[in-house]
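Me: Got a minute to go through this model with me? I'd like to start with how the strands line up.

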Amino acid sequence: MRVGIVCPYTWDVPGGVQSHVRDLTEALFASGHEVSVIAPADDTEASSGAAPLPPYVVSAGRAVPVPFNGSIARLSFGFLSASRVRRWIRDGRFDVLHVHEPASPSLGLLACWAADGPIVATFHASFERSRALSAAGPILQSALEKITARIAVSEKARKTLVEHLGGDAVLIPNGVTTERYAMAEPLQGWPGDDGALGFLGRMDEHRKGLPVLLRAFETLGAERPGLRLLLAGPGDAADVRARVPPELRDRVVVLGLVSEADKIRMLHSVDVFVAPNTGGESFGIVLAEAMSAGAPIPASDIPALSRLLLGGRAGALFPVGDAAALA
């Protein structure tokens, strides 16, 4: 079977949806299917020194950052993207088109408008209300009515779909290729003899909860002289360190944006992986990856993370935003 997968978010910046698409693609390849993925991506990345796109990914052009749901979504929408999507669908002659986040102003919406055959759509996002989505409802319906089957990655994502867009979906949680995360060499010098805490996520997004972890580290760092904090993800390292008391700054190591291989090594470099998210999560795929690496986890008790940790049976839960409880 020929399968076309549409990723709405830029391939250049790691994220949960991109990981989902990658793992799904590899699983389909292993099952004998032909797969092509289209995603926003920088056409000049090869010359800029960035990692080249996988051979199965087709670029729809550079993404534009758009504030959405407490995050910055890097999307692609416009005449160039629409033209590339139409050509990709025409040349791919797909038996099935699998569109992710068709309600976002990106490639999924463009693909729904352009496609004629069977369409499967996966909905990842969860939020309580969206004025923009309500206003765009009539425009979106012309694309959403073409969808043959709908998937939601969590109950919160399904609820968002039902309440804001209408219709329903089959609940299929995000999958993780656990074998990829199970074994890896720690980064050199980690975790060390005195303990290490880890965080992975966009450091400049409040909903990822890094400020909560930094406040907890102030308490723990004073009590445990050798304890270190290892951070990975996009963000300003100098700004992060400035939020830590001077006497603790040399124990906060910021890796920045890391490759997939180094992300896995990072997960094996800490004694505890912390998920202090404050909201806006429908699943928490980074948490599933950390669990696959065998890391013990304290996480905030937002519904998405609580469900993933089986209400506290697979990890420790603390009240969202409560740095003292986390410590």
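Me: Which residue in β11 does Leu200 stand opposite?
Reply: In this predicted model, Leu200 faces Ala232 in β11. The two strands, β10 and β11, pair in the parallel sense, with five bridges between them.

Me: And what do β10, α8 and β11 make together?
Reply: A right-handed β-α-β unit.

Me: OK, zoom out a bit. In what order do the four strands of that open sheet come?
Reply: The order is β12-β11-β10-β13, and the pairing is parallel. β12 (252-254) and β13 (272-273) are the edges; each has a single partner strand, so one side of each has no neighbour in the sheet.

Me: How many bridges join β10 to β13?
Reply: Two, and those strands run parallel. Gly198 sits opposite Phe273 in β13.

Me: Which strands does α8 touch?
Reply: Helix α8 (residues 210-223) packs on the sheet against β10, β11 (228-232) and β12, and its direction makes about 165 degrees with that of β11. Helix α10 (residues 260-267) packs on the sheet too, touching β10, β11 and β13, at about 145 degrees to the direction of β10.

Me: Is β10 mostly covered or mostly open?
Reply: Mostly covered: five of its five residues are buried. That goes for both faces, with Ala196, Gly198 and Leu200 buried on one side, and Leu197 and Phe199 buried on the other.

Me: Why would residues next to each other end up on opposite sides?
Reply: In a regular strand, side chains alternate between the two faces of the sheet.

Me: Back to Phe273. What is it in contact with, leaving aside neighbours within four places in sequence?
Reply: Quite a list: Phe273 is in contact with residues including Gly198, Phe199 and Leu200. Leu267, Val286, Leu287 and Ile297 are also among the contacts of Phe273.

Me: Which residues have the most contacts inside the largest nonpolar core?
Reply: Val6, Leu97, Phe273 and Leu287, in a core of 57 residues. Helix α4 gives the most to this core, with five residues. Apart from it there is another core, of 22 residues, among them Leu197, Leu210, Phe217 and Val254.

Me: New topic. What about the sheet with seven strands, how is that one ordered?
Reply: It's an open sheet too, running β3-β2-β1-β6-β7-β8-β9 with parallel pairing. β3 (57-59) and β9 (170-171) are its edge strands, each pairing on one side only.

Me: How many bridges join β1 to β2?
Reply: Five bridges link β1 (residues 2-6) and β2 (residues 34-39), which run parallel. Val3 stands opposite Val35 in β2.

Me: Where does α4 lie?
Reply: Helix α4 (residues 107-114) lies across β1, β2, β6 (96-100) and β7 (119-123), at about 150 degrees to β6. Helix α6 (residues 155-164) also packs on the sheet, touching β7, β8 (149-152) and β9, and its direction makes about 130 degrees with that of β8.

Me: Last one: what's the mean pLDDT of the protein, and where does pLDDT stay under 50?
Reply: The mean is 90, and 92% of the residues reach 70 or more. Residues 45-49 are where pLDDT stays under 50, and the model has five contacts for them beyond four places in sequence.

Methods: Residues are numbered from 1 along each chain as its sequence is written. This is a predicted model: local features need pLDDT of at least 70, side-chain atom pairs count only at pLDDT 80 or more; totals for chains, interfaces and linings use all residues. Side-chain values use heavy atoms; hydrogens and water are left out. Two strands pair if DSSP finds at least two bridges between them. Contact means heavy atoms within 4.5 Å. Axes are lines fitted to C-alpha atoms, for helices over the stretch in contact, and angles run from 0 to 180 degrees between N-to-C directions. pLDDT is the predictor's confidence in each residue, from 0 to 100. A nonpolar core is a set of buried Ala, Val, Leu, Ile, Met, Phe, Trp, Tyr and Cys residues joined through side-chain atoms within 4.5 Å. Buried means under 20% relative accessible area, exposed over 50%, partly exposed in between (1.4 Å probe, protein chains only). A crossover is right-handed if, with the strands pointing away from the viewer, the path from the first strand over the helix to the second runs clockwise.
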